[in-house]
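Hi everyone, thanks for coming. I'd like to walk you through one chain today, so please have the sequence and the model open as I talk.

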Amino acid sequence: MLMTSGKNLSSPKVLERLSVLGQALDNQQQLHAFDGGLLKLGKEAERKSNDDEFSSAGDRSPARSRSRQRAPSGQGRSPSQAHHFGSEAHEEAFGTEFRVLARHYAALGFEDKDGLWVAVSSMPLGPAGPQANFLVGVFFDRRVAPRGWAFSRLGPRAAPMALKHTNLPDASICAMTKEDNAWSPSDGLVALIDHYSIWAVKSWHRQELGWWPGPQYGFGSYYRKREFVAKEWCGCGSGKRYASCHQTFDFLESEEIGRRQFKGAFSCDYEDRAVPQAIMDAARSRWKNLPSLVSAFSHRRIVWGEL
Ligand SMILES: [Zn+2]
């Protein structure tokens with residue numbers, strides 16, 4: 001296995017935590033997100049609430065701690081947390097929402113002509129675990145789905161997280177689909193980053209333990225053959241495991257047909273998926289060199305529910 005997420009993932013304690021959370025996700029148990037992205041099982045969250053102060057952050061958002069404001073990780077720039085945005089338009093569109101985000105996550109906000117770049121770090125497995133670094137683009141026009149990229153390491157040797165369940169072809173995070181009803185723009189950035197944090201746990205789980213926990217989508221035989229293992233949920237929405245659903249069919253279908261079908265759906269080959277150069281440069285510069293939102297979103301518009 002590639003150890004792109006750093007040495008933290010090799011600790012037995014962290015691996016055990018990853019396994020526990022993975023099992024819960026595979027059983028469709030809801031996880032609760034706390035400050036810094038820390039994820040807990042329902043039971044753990046209840047237990048903790050006896051001696052700590054937790055509040056529900058809204059109808060669909062998980063409970064989260066409001067006990068302390070986390071200091072940002074100081075990656076490069078001072079955070080916008082304490083400040084208002086320079087432009088009235090940004091303040092109006094993102095001010096309150098961003099400051100809420102910065103209370104719960106180490107977050108930086110960067111104004112763009114057409115919206116906002118948000119850089120967030122999350123430690124879903126706790127302080128002993130690895131850090132996931134997200135760069136998220138949000139347009140003023142909230143009908144455009146936000147797009148995020150995940151990195152296990154920033155700086156000159158920046159490394160993106162594994163590509164499974166990232167979108168084609170720009171390798172942006174695919175943490176939910178519209179059909180899930182898991183997130184909509186009105187849920188806000190905190191809930192979005194909570195979902196990204198859960199996605200990160202699933203990604204590490206696959207990297208270290210060999211399989212993706214929980215329901216997933218996957219279009220076409222070629223994609224599923226490349227990305228799914230037998231014990232994972234099938235990608236067709238049947239609620240069955242891959243082994244007892246599409247796997248046999250997928251292996252009977254020829255690679256040529258599978259590849260053609262894939263290209264028809266995504267206008268690119270499976271192998272073409274990659275984090276765009278400009279987004280890699282942003283991670284290498286620790287967000288000093290950010291591309292324009294428009295250029296970063298220049299790939300084919302992502303339709304909810306594709307993958
Ligand atoms: Zn299936």
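Let me begin with helix H8, residues 277-284, which lies across E6, E7, E8 and E9. Its direction runs at about 50 degrees to that of E8. Before I go on, please keep in mind that this is a predicted model.

So what is H8 lying across? The strands belong to an open sheet of five, in the order E5-E6-E7-E8-E9, with antiparallel pairing. At the edges you will find strand E5, residues 106-112, and strand E9, residues 159-160, each of them pairing on one side only. A second helix also packs on this sheet: H4, residues 188-209, which touches strand E6 (115-122), strand E7 (132-139) and E8. If you compare directions, H4 makes about 140 degrees with E7.

Let's go to the E9 edge. How many bridges join strand E8, residues 147-153, to E9? There are two, and these strands run antiparallel. To find the pairing on screen, look for Arg153, whose bridge partner in E9 is Ala159.

While we are at this end, follow the chain onward into the loop between E9 and H4, where Pro169 is found. The peptide bond from Leu168 to Pro169 is cis, with omega near -5 degrees.

Now over to the other edge, E5. Seven bridges join E5 to E6, and the two run antiparallel. The connection between them is a hairpin through two residues. A handy landmark in this pair is Gly109, which stands opposite Val118 in E6. And is E5 mostly covered or mostly open? It is mostly covered, with six of its seven residues buried.

One residue of E5 deserves a closer look, and that is Asp112. Why does Asp112 count as buried? Its relative accessibility is 9%, and the cut-off for buried is under 20%. Which residues surround it, once we leave aside neighbours within four places in sequence? Asp112 is in contact with His90, Trp117, Phe140, Pro291, Ser292 and Leu293. The side chain of Asp112 also has a polar atom 2.7 Å from the backbone nitrogen of Asp114. If you like distances, try the C-alpha atoms of Asp112 and Gly137: these residues are 25 apart along the chain, and the atoms are separated by 9.2 Å.

Next, the metal site, so please move along to the zinc ion. Which residues are its protein donors? They are Cys234, Cys236 and Cys245, each through SG, and His246 through ND1, at 2.1 to 2.3 Å from the zinc. Written as a sequence pattern, the spacing of the donor residues is C-x1-C-x8-C-H. Two of them, Cys236 and His246, are ten residues apart, and both sit in the loop between helix H5 (221-227) and helix H6 (247-252).

Why do we call this arrangement tetrahedral? Because the angles subtended by the four donor atoms around the zinc ion are 103 to 116 degrees, and the cut-off asks for all angles to lie between 85 and 135 degrees.

How accessible are those two donors? Cys236 is partly exposed, with a relative accessible area of 37%. His246 is partly exposed as well, at 22% relative accessibility.

Two backbone details before I finish. In the loop between helix H1 (12-26) and strand E1 (31-33) there is Gln28. Phi of Gln28 is near 60 degrees, a positive value in a residue other than glycine. Gln28 is exposed, with a relative accessible area of 54%.

The other one is Ser267, in the loop between helix H7 (255-266) and H8. Ser267 has a positive phi of about 55 degrees although it is not a glycine. With a relative accessibility of 53%, Ser267 counts as exposed. That loop takes us back to H8, the helix across E6, E7, E8 and E9 where we started.

Let me zoom out for the last slide. The chain has nine helices and nine strands. Of its 307 residues, 50% are buried. Looking at contacts between residues at least 6 apart in sequence, 60% join residues at least 24 apart.

That's my tour, and I'm happy to take questions.

Definitions and conventions. Residues numbered from 1 in each chain as written. Predicted model: local features only at pLDDT ≥ 70, side-chain atom pairs only at ≥ 80, totals over all residues. Heavy atoms only, no water. Donors = N, O, S within 2.8 Å, 3.2 Å for Na, K, Ca; no water. Tetrahedral: all angles 85-135°; square planar, octahedral: opposite > 155°, others 65-115°. Helix = DSSP H or I, 4+ residues; strand = E, 2+ residues; numbered from the N terminus. Buried < 20%, exposed > 50% of the residue type's maximum accessible area, 1.4 Å probe, protein only. Pairing = 2+ DSSP bridges. Contact = heavy atoms within 4.5 Å. Axes fitted to C-alpha atoms, helices over the stretch in contact; angles between N-to-C directions. Polar contact = N/O pair within 3.5 Å; in protein donor to acceptor, adjacent residues only side chain to side chain.
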